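Open the model in your viewer and switch on side chains. This tour goes from one selection to the next.

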Amino acid sequence: MKYLELPREIASGDFIAFTKEQMKTPDGLKLRYTFSGSVYFKRMKEIGLYSTDRAEIKERIKKAQMLDIYNNCLV
(Lines give C-alpha, C1' and ligand atoms only; values in the text may rest on other atoms or scores of the structure.)
Protein backbone atom coordinates (compact mmCIF):
# COMPACT_ATOMS: atom_id res chain seq x y z
CA MET A 1 0.00 0.00 0.00
CA LYS A 2 1.31 3.44 -0.92
CA TYR A 3 1.97 5.86 1.96
CA LEU A 4 -0.09 9.01 2.25
CA GLU A 5 2.14 12.06 1.96
CA LEU A 6 0.63 15.26 3.31
CA PRO A 7 1.68 18.26 1.19
CA ARG A 8 3.41 21.26 2.72
CA GLU A 9 0.61 23.49 1.46
CA ILE A 10 -1.47 22.35 4.43
CA ALA A 11 -0.45 22.89 8.05
CA SER A 12 -0.26 19.22 9.03
CA GLY A 13 2.02 18.38 6.08
CA ASP A 14 4.25 21.36 6.67
CA PHE A 15 4.36 20.61 10.40
CA ILE A 16 5.64 17.08 9.80
CA ALA A 17 8.27 18.15 7.25
CA PHE A 18 9.39 21.24 9.18
CA THR A 19 9.71 19.38 12.49
CA LYS A 20 11.73 16.61 10.84
CA GLU A 21 14.10 19.19 9.31
CA GLN A 22 14.47 21.15 12.53
CA MET A 23 15.17 18.06 14.64
CA LYS A 24 18.33 17.56 12.61
CA THR A 25 19.72 20.97 13.62
CA PRO A 26 21.97 21.42 16.69
CA ASP A 27 19.18 23.02 18.75
CA GLY A 28 16.35 21.01 17.23
CA LEU A 29 15.79 18.72 20.19
CA LYS A 30 15.68 21.66 22.62
CA LEU A 31 12.65 23.29 20.98
CA ARG A 32 8.96 22.54 21.21
CA TYR A 33 6.91 22.14 18.09
CA THR A 34 3.20 22.76 18.54
CA PHE A 35 0.34 24.41 16.72
CA SER A 36 -0.20 26.84 19.61
CA GLY A 37 2.33 29.39 20.78
CA SER A 38 5.63 27.77 19.90
CA VAL A 39 8.18 27.48 17.10
CA TYR A 40 5.71 26.04 14.63
CA PHE A 41 2.92 28.45 15.51
CA LYS A 42 5.25 31.33 14.64
CA ARG A 43 6.15 29.62 11.37
CA MET A 44 2.48 29.10 10.43
CA LYS A 45 1.85 32.82 10.79
CA GLU A 46 5.00 33.73 8.83
CA ILE A 47 4.20 31.51 5.83
CA GLY A 48 0.45 32.16 5.80
CA LEU A 49 -0.81 28.80 7.00
CA TYR A 50 -2.39 30.10 10.20
CA SER A 51 -6.11 30.73 9.95
CA THR A 52 -9.28 30.29 11.99
CA ASP A 53 -11.47 30.73 8.91
CA ARG A 54 -12.94 27.29 8.20
CA ALA A 55 -13.82 28.17 4.60
CA GLU A 56 -10.24 29.30 3.92
CA ILE A 57 -8.83 26.14 5.48
CA LYS A 58 -11.26 23.94 3.54
CA GLU A 59 -10.27 25.64 0.28
CA ARG A 60 -6.58 25.07 1.03
CA ILE A 61 -7.26 21.39 1.75
CA LYS A 62 -9.30 21.13 -1.45
CA LYS A 63 -6.51 22.71 -3.55
CA ALA A 64 -4.07 20.20 -2.08
CA GLN A 65 -6.44 17.41 -3.16
CA MET A 66 -6.77 16.23 0.43
CA LEU A 67 -10.47 16.96 0.95
CA ASP A 68 -12.19 13.84 2.34
CA ILE A 69 -8.96 11.89 1.98
CA TYR A 70 -9.79 9.64 4.93
CA ASN A 71 -13.24 8.89 3.51
CA ASN A 72 -11.57 7.72 0.30
CA CYS A 73 -9.09 5.31 1.89
CA LEU A 74 -9.60 1.60 1.45
CA VAL A 75 -9.34 -0.33 4.67
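A residue counts as buried when its relative accessible area is under 20%. Arg60 has 17%, so Arg60 is buried. Keep in mind that this is a predicted model.

**Stop 1: Arg60 and Glu56.** Stay on Arg60 and add Glu56. The two form a salt bridge, with the closest N and O atoms 3.0 Å apart. Both sit in helix H3 (residues 54–63), 4 residues apart, so about one helical turn separates them. Glu56 is partly exposed, at 37% relative accessibility.

**Stop 2: Tyr40.** Now select Tyr40, in helix H2 (residues 39–47). Is Tyr40 buried or exposed? Its relative accessible area is 0%, so Tyr40 is buried. Beyond its neighbours within four places in sequence, Tyr40 is in contact with several residues, including Ala11, Phe18 and Leu49. Show Thr19 too: Thr19 and Tyr40 are 21 residues apart in sequence, yet 8.1 Å apart in space, C-alpha to C-alpha.

**Stop 3: Asp14.** Which side chain makes a polar contact with the side chain of Tyr40? That of Asp14 does, at 2.8 Å. Asp14 is buried, at 2% relative accessibility. Add Arg43: its side chain meets that of Asp14 in a salt bridge (2.8 Å, N to O). Asp14 lies in helix H1 (residues 11–23) and Arg43 in helix H2, so this pair ties together parts 29 residues apart in sequence. Next, show Arg8 and Glu21. Salt bridges link Arg8, Asp14, Glu21 and Arg43 in a network.

**Stop 4: Asp27 and Lys30.** Finish with this salt bridge, whose closest N and O atoms are 3.5 Å apart. Asp27 is partly exposed, at 44% relative accessibility. Lys30 is exposed, at 68%.

Technical notes:
Residues are numbered from 1 along each chain as its sequence is written. This is a predicted model: local features need pLDDT of at least 70, side-chain atom pairs count only at pLDDT 80 or more; totals for chains, interfaces and linings use all residues. Side-chain values use heavy atoms; hydrogens and water are left out. Helices (H or I, at least four residues) and strands (E, at least two) are DSSP runs, numbered from the N terminus. Buried means under 20% relative accessible area, exposed over 50%, partly exposed in between (1.4 Å probe, protein chains only). Contact means heavy atoms within 4.5 Å. A polar contact is a pair of N or O atoms within 3.5 Å; within protein, one must be able to donate a hydrogen and the other to accept it, and residues adjacent in sequence count only if both atoms are side-chain atoms. A salt bridge is a side-chain nitrogen of Lys or Arg within 4 Å of a carboxyl oxygen of Asp or Glu.
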